[in-house]
Amino acid sequence: MCLVNCDSLSTAEIEQLREAFIDMDSDSSGIISVDEFTKAMQSSMSASADIKKLFEKIDIDGTGNISYSEFISACLSRTNILTKERLLEVCFVVVHSRRLH
């Protein structure tokens, strides 16, 4: 398990990250599968190989799924695995697609 210090985030920012995770977790399993991640990221990344590499960087424990703590770690990482801009793009696409269905 990866612990992250969220003290630098506002309550609103933490809520946005939680909602982004929930939106990506389309089957409500509490984890993001590679298929869910790929579907969410295709709008901002065209190469599936790049999406797979990004998924593998985020999946710290190598389970083949992204847990909430891994997701938060990636969003807050100093190496910016998931940049704020990329995360916002994904959130927009997921929310927009839900409104269309």
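**Entry 1: Ser28**

I began with Ser28, which I located in the loop between helix 1 and strand 1. Helices (H or I, at least four residues) and strands (E, at least two) are DSSP runs, numbered from the N terminus. The model is a predicted one, in which local features need pLDDT of at least 70, side-chain atom pairs count only at pLDDT 80 or more, and totals for chains, interfaces and linings use all residues. Residues are numbered from 1 along each chain as its sequence is written, and side-chain values use heavy atoms, with hydrogens and water left out.

I noted that Ser28 has a positive phi of about 55°, although this residue is not a glycine. Is Ser28 buried or exposed? Ser28 counts as exposed because its relative accessibility is 64%. Here buried means under 20% relative accessible area, exposed over 50%, and partly exposed in between (1.4 Å probe, protein chains only).

**Entry 2: The chain as a whole**

I recorded five helices and two strands in the chain. Along the sequence, their pattern reads α-β-α-α-β-α-α. Of the 101 residues in the chain, 33% are buried.

I then looked up the confidence, given as pLDDT (the predictor's confidence in each residue, from 0 to 100). The chain has an average pLDDT of 78, and 67% of the residues score at least 70. Among the elements, strand 1 (residues 32-33) has the highest mean pLDDT, 97, and helix 5 (residues 84-100) the lowest, 60. For residues 1-5 the pLDDT is below 50, and this stretch has nine contacts in the model beyond near neighbours in sequence. A contact means heavy atoms within 4.5 Å.

**Entry 3: Helix 1**

I found 14 residues in helix 1 (residues 11-24), which reaches 20 Å from its first C-alpha to its last, close to the 20 Å expected at 1.5 Å a residue. The expected span is 1.5 Å times one less than the number of residues. Which residues of helix 1 are buried? They are Leu17, Ala20, Phe21, Asp23 and Met24. These residues lie on the same side of helix 1, because they cover an arc of only 165° around the axis. The arc is that of the directions from the helix axis to the C-beta atoms.

**Entry 4: Helix 3**

In helix 3, I listed Ile51, Leu54, Phe55 and Ile58 as buried. Viewed down the axis of helix 3, they fall within an arc of 100°, so they line one face of the helix. Lys53 and Lys57 are exposed on the other side of helix 3.

**Entry 5: The nonpolar core**

I next examined the largest nonpolar core, a set of buried Ala, Val, Leu, Ile, Met, Phe, Trp, Tyr and Cys residues joined through side-chain atoms within 4.5 Å. Of its 18 residues, Met24, Ile32, Phe37, Met41, Ile66 and Phe71 touch the most other members. At least two residues of this core come from each of helix 1, helix 2 (34-41), helix 3 (48-58) and helix 4 (68-76). Leaving aside neighbours within four places in sequence, I found Phe37 in contact with Met24, Ile32, Ile51, Leu54, Phe55, Ile58 and Ile66.

**Entry 6: Gly64**

I closed with Gly64, which sits in the loop between helix 3 and strand 2 (65-66). Gly64 counts as partly exposed because its relative accessibility is 33%. Its C-alpha atom is 6.9 Å from that of Ser33, although the two residues are 31 residues apart along the chain. Not counting residues up to four places away in sequence, Gly64 touches Val34, Phe55 and Asp59.
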